[in-house]
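I'm opening my notebook for this one. I'll jot down what I looked up, entry by entry.

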Amino acid sequence: MPSPFILDRSSVTQVMAWVLAALLPGIATYVWLFGPGILITLSLATVTALAAEAAMLKARGYPVRPFLTDLSAIVTAWLLALSLPSLAPWWLIVTGTLFAIVVAKHLYGGLGQNIFNPAMVGYAVLIVSFPVQMTQWAGPHELTAAPLTLAQSAAVIFGGDVPRATLDAVTMATPLDALRTGLLQQLTIDEVMTHPIFGHYGGVGFEWLAGAFLLGGLLLWALRIIGWQVPLAFLAGIWLTAGFLNFFDAGRFGPPWFHLFAPSVMLGAFFIATDPVSGATTPRGKLVFGLGAGFLTMAIRTWGGFPDGVAFAILLMNLCVPLIDQYTQPRIYGGAGKEPRT
Amino acid sequence: MSRELHRFKGGVHPPEHKAESTSRPIHAAPLPKELVIPLRQHIGNPARPVVEIGARVLKGQMIAAADGYISAAVHASSSGTVTAIGLQPVPHISGLPDLCVTIETDGRDEWVVHAPLDYQAMEPSQLRMQLRDLGLAGLGGAVFPSAVKLDPGASRACPTLIINGGECEPWITCDDLLMRTHAGEILQGAAIMHHLLGSTTVLVGIEDNKPEAVAAMQAAAAGMDFAVEIVVVPARYPGGGAKQMIQVLTGQEVPSGKLPTDIGIQVFNVGTAYALARAVRHGEPLISRLVTVTGHVLRPQNFEVLIGTPMHTLITLAGERDGATGVLMGGPMMGVPVPDLTVPVVKATNCILVKSAALFPPLPKALPCIRCTRCADACPAELQPQELFRFARAGDFGRAQEYHLFDCIECGCCSYVCPSHIPLVDFYRYAKSEIWAREKDKRAADLARERHEFRQFRQEREKKEKAEKLAAKAQAARTHAALDQAQRAELAAAPAAEVTAVSDADAKKALIAAALARAQAKKPDAAPRNVDQLTPEQLRQIEEIETRRAKIRELVRKPLESEQKNP
Amino acid sequence: MLAAIGVMALLAVTIGLVLGWSAVRFKVEGNPLAEKIDAILPQTQCGQCGFAGCRPYAEAIANGEADINQCPPGGEEGVKKLAELLGVEPKPLDEAHGTPKPKSVAFIDEQACIGCTLCIQACPVDAISGAAKQIHTVIAAECTGCELCLPPCPVDCISMVPIVEDLPHWKWKHPVVMMKRIAETEEA
């Protein structure tokens, strides 16, 4: 084996472990605000993802152990679970996770080869195929009856016999759903915002969740697990687009802070759009990627058929990555074109 | 006044491990029984041996001469007898043997006659030739012949001279120790370089993890008669790379595909400056150097070693330990595994690093690239290593070149930081060597095509020439025959011809008869056939025809013969 | 109706004239495709393809008279390159034309050489020097390893010596370290 003969102590496992750790504040906030049901979703997705990963590795003739321990499957599972409605039925979780791991990851060649973010592919398949089941969001405990206990959540998720009234008491529309419904009813933004779900910036509770994801994301940035370009550009893309629309017609377009402080945006900016495998690699490319994803998210929220657009925006930008990379190749040391820096 | 420093992009901070070998003073390694001196110790053409087996050589005697402009001579490191000139194992990544001169030392260490060079009085080109013949090559690792680098070229001057005391690779301390102990001579070497290159600024860059070296060099600089600035630069690998040192000290970048001289800068390692000072001030060729022996040994330290000394003797001197897992020549980032411990120390040997499982744990197995671009962040050449890897692995060398494969300096930073533990540099080395091989193949194919086409042209021309020659001969024969007939007609018209003419005709007749006889003797069966039942009249006619034919044949052969005589 | 026919006819004539003019004006000497094919061929000039050298083979391929898999010295890689150039599927080498061999150069045993010049006449690249009744020798740097000098030699004094890898010719190998390998070694 030729040089170098020493390596830094980094590893894929370490990177993935930090990503999972950075999700913990968000998960804790989730449990606190929306009840412990998310833990069941996370566990179910994790188990499904690991089983699917192991089966696919075996089937493709790859060694199971080094790839299972890289934790990438768990990252995919958690990101998908956190994107799903917290009271989604078990088969929805399993279907989404299986699709993410088997089709979006392994059929494209496994770790490092997938051109689309697997978690977002799983999410997109579910929201296109099962739009009704994808709306079972638990409301924040401030606005609902006491949140479901772990056992009750399990009963809901696994299709047990739960009284309709109990379920109706805890589920409610997300702020983005509420906004969309209100606007479809020809209400103005000010009228829509009188709905109790809207809090200081985003939705009640939801804004705290967004804050927790932001905190985890900043941790990843501080540890140099992710760069600043994608999250900043993504947030800027959303803020600028929302701000531009809001500036021209505040009655029909929501305020930029509201759009920014959605959990999906923070999760997308720091954990999903920063997925290195399916993202742009050059510094300028990362800015283009983030800005594009932010703009597309807003475009889908405003004019598209779905209340949120983070997943589709990121998938569309994944599609553009080879092009972005090719046209944003940085200048090299001693490269022609510009004068040497001083 | 302290100089404004700049930053190079990327780079890494591997553990330094320098203290191990700096605590002990430099020892001279004892004279070995046998010296194996490779003839390819520098970049460029290998040296041509100028001694024969059995010859007695003196210390410092040239045993192989420089072959061409980019080459350097090779010298006997001690006195003794040449016992072999042939393939021997050498420290090279391939593990392949190379041409070496083996000298059995006599223990007398007897110097050849040598004298200092009066460099200020000498013509620069003449001085450079002398340095080439003294075997001077860069001791920082690339071993580029120094004489070539000391030529300022068409611009006639190289304004900035940088003496590189970076030594950024972990474990290696030979430059550090050299600066601590021979600061004055290093600067004397710098003075000669300064003289040859016509530099106006002389900078010495030293990383901040060598405070003793900095102090020694500063003290020595105070006593020099030319301005030399000792600049302390932050320690960061590969800060000792020439391009990185230039960027840190001057803020300039060497343009891609160009040399530092193209922007008026030349960089030499401190060891080269020292060797130059020895060569000029004492007339000593490059026959020894400082070598750090460190890693898994009892007494890590630096040795003054004769070129050609087998590496295992140095490891023994430093105290061999059990559990060694291999030996590197150079540092852990860019070093070369040594295939066999009998290989000699060469001009490029700055360090002998003994590995152990504890110091160098086996590298983890590689996982796929996750495109995290940590390699791009670490790359001092500011490349996109993940893309280069993709192209090199797929054999898409054209794209790899478009992505500036040849700007890679193979420093190993990308491999060092890769979380997937991919040996990225290996892929770049593979791609580069494959591209070179293909270019060579292409040149060979072009040569073959050209030669084949020339051959076809030549054959065509020869055929044409032959045809022309034949046609010319036939033409000549025809005109001769016509001429002859005309002569005979003249003879017949003038019965009162001179005796000479008659005798001429007689002679001719005799000749024809003789030829006829010859032809008949040669080919008896060529005699007229089917003549048995012919009338005498017919026979006479045949006779006449045969005679005429023979005559013509004879006439045709004559000019042929004369032509053959005078081609 | 008539107008339409007239327009079409006029169009046809005009285009015909333009095409005819450009055919004359932009006439390309030689066959550019054959040039490109010839550039890919290894120039061994060995004739194993059944043609008298690389160039005739290139022309034959360009004219669709020969297949792309008849050149053993070019190897599978050469076939692949030709396939890429011509936009056809690569195919395995045709065994009928021989199999690839390691690169070699001819070597004349000078003890046995009688100086007959037959090999000199056979060499397609003039890489053998010598004259009648004098020992011949191969200019190794120019020998393509075509083996055409072997059959004419009356005393069989020519042999093919494979080119050994020495230090200046050494190449880095493809670092095969990837995942499937781990799988194989772990299972083994």
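**Entry 1: a helix with two sides**

I started with what covers the buried residues of H4(C), and that cover includes helix H2 (32-40) and helix H3 (54-62) of chain C. Note to self before going on: this is a predicted model.

Next I looked up how long H4(C) is. Helix H4 of chain C runs over residues 75-86, which makes twelve residues. From its first C-alpha to its last it reaches 17 Å, close to the 16 Å expected at 1.5 Å a residue.

Which residues of H4(C) are buried? I found C:Gly75, C:Gly78, C:Val79, C:Leu82 and C:Ala83. They sit on the same side of H4(C), because they cover an arc of only 140° around the axis. My textbook reminder: an α-helix has 3.6 residues a turn, so residues three or four places apart point the same way. Then I checked the other side of H4(C), where C:Lys80 and C:Glu84 are exposed.

I also peeked at what comes after the helix. H4(C) is followed by C:Gly87, and the phi of C:Gly87 is positive, near 70°.

**Entry 2: salt bridges**

How many salt bridges does a search of the whole structure find? I got 40 over all chains. A reminder for me: side chains of opposite charge can pair when their charged atoms come close. I picked a few to look at.

In chain C, C:Arg55 forms a salt bridge with C:Glu59, and their closest N and O atoms are 2.9 Å apart. Both are in helix H3 of chain C, and because they are four residues apart there, about one helical turn separates them. I noted C:Glu59 as partly exposed, since its relative accessibility is 32%.

In chain B, I looked at B:Arg399 and B:Glu402, whose closest N and O atoms are 3.7 Å apart in their salt bridge. Both lie in helix H11 (residues 397-402) of chain B, three residues apart, which is about one turn of the helix. Is B:Glu402 buried or exposed? At 54% relative accessibility, B:Glu402 counts as exposed, because the cut-off for that is over 50%. B:Arg399 has a relative accessible area of 26%, so I wrote it down as partly exposed.

In chain A, A:Asp249 pairs with A:Arg252 in a salt bridge, with 3.1 Å between the closest N and O atoms. A:Arg252 counts as exposed at 53% relative accessibility, while A:Asp249 is partly exposed at 28%.

I also ran into a network: salt bridges link B:Arg56, B:Asp106, B:Arg108 and B:Glu110.

**Entry 3: one buried leucine**

I looked up B:Leu178, which is found in helix H4 (residues 174-197) of chain B. Its relative accessibility is 5%, so B:Leu178 counts as buried. What does B:Leu178 touch, leaving out residues up to four places away in sequence? My list has B:Ala183, B:Ile186, B:Val270, B:Gly271, B:Tyr274 and B:Leu290. I also checked B:Ala154: it is 24 residues from B:Leu178 in sequence and 33 Å away in space, C-alpha to C-alpha.

**Entry 4: a patch on the surface**

I went looking for nonpolar surface next. A:Tyr201, A:Trp239, A:Leu240, A:Trp257 and A:Leu291 make a nonpolar surface patch of about 520 Å². I picked A:Trp257 from that patch, and it lies in helix H13 (residues 256-260) of chain A. A:Trp257 is partly exposed, because its relative accessible area is 43%.

**Entry 5: odd backbone spots**

Reminder first: most residues other than glycine have a negative phi, and most peptide bonds are trans. So I hunted for exceptions.

Where are the cis bonds I looked up? One is the peptide bond from A:Ser3 to A:Pro4, with omega near -5°. A:Pro4 is in the segment before helix H1 (12-34) of chain A. Another cis peptide bond joins B:Tyr237 and B:Pro238, and its omega is about -5°. I found B:Pro238 in the loop between strand E11 (229-233) and helix H6 (242-250) of chain B.

For phi, I noted B:Glu382, which has a positive value of about 60° although it is not a glycine. B:Glu382 is in the loop between helix H9 (374-378) and helix H10 (385-394) of chain B. At 7% relative accessibility, B:Glu382 counts as buried.

B:His404 is not a glycine either, and its phi is positive at about 65°. I placed B:His404 in the loop between H11 and helix H12 (413-417) of chain B. With a relative accessible area of 32%, B:His404 is partly exposed.

Note on methods: Residues numbered from 1 in each chain as written. Chains lettered and ligands numbered in written order. Predicted model: local features only at pLDDT ≥ 70, side-chain atom pairs only at ≥ 80, totals over all residues. Heavy atoms only, no water. Patch = residues over 30% accessible without salt bridge, like charges linked within 9 Å, V, L, I, M, F, W, Y side chains within 5 Å. Areas by Shrake-Rupley, 256 points an atom, 1.4 Å probe, with all protein chains shown as cover. Salt bridge = Lys/Arg side-chain N within 4 Å of Asp/Glu carboxyl O. Helix = DSSP H or I, 4+ residues; strand = E, 2+ residues; numbered from the N terminus. Buried < 20%, exposed > 50% of the residue type's maximum accessible area, 1.4 Å probe, protein only. Expected span 1.5 Å × (residues − 1). Arc of directions from axis to C-beta. Contact = heavy atoms within 4.5 Å.
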